[in-house]
Amino acid sequence: MIAPEVVRKMLDEQFPEWRDLSVRRVEQDGWDNNTFRLGNELKVRLPSAAGYVPQVEKEFNWLPKLAKHLPVAVPEPVALGKATADYPYPWSVYRWIEGETASAHSVRDMNEFARDLAAFLHALWAADTAGAPEAGDHNCHRGGDLSVYDEETRFCLSGVTDLIDADAALMIWERALQTKWTKPAVWVQGDLSTGNILIQNGQLSAVIDFGLCTVGDPACDLVIVWKFFSGVNREIFKTTINIDQGTWNRAMGWALWKAIRTLYYARKDNIVDEQREATAVIEATFADAQLVATKT
C-alpha cells in the first residue's frame, strides 16, 4: 500500500504546478494500481507490483488513439511520472472521469445499456490495430489463446466438484478449446467488468482501466454476458454483438476459467460472497449452454 505522503512528495518533485492540489486515496481502488484523487479534476495511478508496470506506458500511448474511435469516454493521460527512491515504478496522471460503476442500481434501462455496451465493443473492434501490442504475459493473455489456462482450470475444477456440475463445466470448457479466432485481430479492452464501466444519469458514459488491452480474440470481453446480463437484456446484447458461435463458446470458456478459479480460492479462504458470485456465473453459463444445445 502506497502512502499518500509518498505520492505527494513525487508530485511536488516532478510536477510542482500541482503543489496546491489535494491528494487523497480513492474509495474503490483496483487490484493492479493504487489510485489517488489529485484535486477535483485529476487522478494518480501507481502500479501495485512490478508485473503491472508494462500497463503504464501502454495505456499512456494507446488510449489517446483509441479515444478517437469510441462512443464513450476513456481515461485521458495527462502526465507520466518517473520512479524515485521512495517508489520504484513509473506512474501516471489522468483526467478524473465522473460516474458510478455499473450496477443494477446505477443502470436506468438494462436493455438500453446492453445495446450501448455492444456498440462500444463494435467501435473498439473497428479501431486501427497497426502497431498495437499482442496478447501475452503483460496482459494475462487476454485476447490470446484460452488454452494457456487449461491446466489451471482443470486443477481448480478438481477442487470444487462437490459444489458444481463438474461434467457440465468440463463439457463447456473443452468445447471452448475446440475453436480459435481466425479473423484479423481486433482491439480487446481485457477487463470489461462492471467495476470498469461508468454510468451517468443511468446511461453508459465511460469505460476505464485499459491496462490489459491488446489486439487479438475479442471473446474475453464478452464474459460480462454471464456476470451482469440476464433474460431479455442478455439476448439483446448477444443479438446486437452478432458474432459467431465459436466466439461465444470461447467467451463461455473465459467466464468459466475465472469463475472456477475464483470459486476454488474463495472456498479455501472461506470468502462466502465471492463463492456465491462465482457460482452464479458458472450456473449462468450452464443455462446458456443448454439453450444453445436446444436450439441446435
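Two strands pair if DSSP finds at least two bridges between them. The close-up views below all come from a predicted model.

**Figure 1. An open sheet of three strands, in the order S6-S8-S9.** Pairing within this sheet is antiparallel. Strand S6 (100-101) and strand S9 (203-207) form its edges, since each of them pairs on one side only. Between S8 and S9, the antiparallel pairing extends over four bridges. Isoleucine 199 has leucine 204, in S9, as its bridge partner. Helix H3 (residues 110-126) lies across S8 and S9 and runs at about 30° to S9.

**Figure 2. Surroundings of glutamate 98, in the loop between strand S5 (91-95) and S6.** With a relative accessibility of 46%, glutamate 98 counts as partly exposed. Beyond its neighbours within four places in sequence, glutamate 98 is in contact with Arg37, Leu198, Gln200 and Ser205. One of these contacts, serine 205, is 107 residues away from glutamate 98 in sequence, yet the C-alpha atoms of the two residues are 9.0 Å apart in space.

**Figure 3. Asparagine 196, in the loop between strand S7 (186-188) and strand S8 (197-200).** The relative accessible area of asparagine 196 is 8%, so this residue is buried. When neighbours within four places in sequence are left aside, the contacts of asparagine 196 are Gln189, Asp191, Ala206, Val207, Ile208 and Asp209.

**Figure 4. The largest nonpolar core, with 75 residues.** In soluble globular proteins, nonpolar side chains tend to be buried together. Within this core, the residues that touch the most other members are Phe113, Leu117, Phe120 and Phe237. Helix H8 (residues 245-269) gives the most to the core, contributing 11 residues. Apart from this core lies another, of 16 residues, which includes Ile2, Met10, Phe15 and Trp18.

**Figure 5. Phenylalanine 237 and helix H7 (residues 231-241).** Phenylalanine 237 is in contact with Ala114, Leu117, Ala118, Leu121, Leu222, Ile224, Val225, Phe229 and Trp248, leaving aside its neighbours within four places in sequence. In H7, the buried residues include Asn233, Arg234, Ile236, Phe237, Lys238 and Ile241. Asparagine 242 follows H7 and has a positive phi, near 55°.

**Figure 6. Packing of helix H4 (residues 150-158) against helix H5 (residues 166-177).** Two packed helices are described by the angle between their axes and the distance between the axes. For H4 and H5, the angle is about 175° and the axes are 11 Å apart. Angles over 145 degrees count as roughly antiparallel, and H4 and H5 are therefore roughly antiparallel to each other. On the H4 side, Asp150, Thr153, Arg154 and Leu157 take part in the meeting of the two helices. Their counterparts in H5 are Ala166, Ala169, Leu170, Trp173, Glu174 and Leu177.

**Figure 7. Cysteine 213 and cysteine 220, in a structure with zero disulfides.** A disulfide is a pair of cysteine sulfur atoms within 2.5 Å. For cysteine 213, the closest cysteine sulfur is that of cysteine 220, at 11 Å, which is too far for a bond. For cysteine 220, the closest cysteine sulfur belongs to cysteine 140, also at 11 Å and too far for a bond. Cysteine 213 counts as buried, at 2% relative accessibility. Cysteine 220 likewise counts as buried, at 8% relative accessibility.

**Figure 8. Positive phi values at histidine 141 and asparagine 270.** Most residues other than glycine have a negative phi. Histidine 141, found in the loop between H3 and H4, has a positive phi near 65°. Its relative accessible area is 21%, so histidine 141 is partly exposed. Asparagine 270 lies in the loop between H8 and helix H9 (272-295), and its phi is also positive, near 60°. With a relative accessible area of 59%, asparagine 270 is exposed.

Definitions and conventions: Residues are numbered from 1 along each chain as its sequence is written. This is a predicted model: local features need pLDDT of at least 70, side-chain atom pairs count only at pLDDT 80 or more; totals for chains, interfaces and linings use all residues. Side-chain values use heavy atoms; hydrogens and water are left out. Buried means under 20% relative accessible area, exposed over 50%, partly exposed in between (1.4 Å probe, protein chains only). A nonpolar core is a set of buried Ala, Val, Leu, Ile, Met, Phe, Trp, Tyr and Cys residues joined through side-chain atoms within 4.5 Å. Contact means heavy atoms within 4.5 Å. Axes are lines fitted to C-alpha atoms, for helices over the stretch in contact, and angles run from 0 to 180 degrees between N-to-C directions. Angles under 35 degrees count as roughly parallel, over 145 as roughly antiparallel, 65 to 115 as roughly perpendicular and the rest as oblique.
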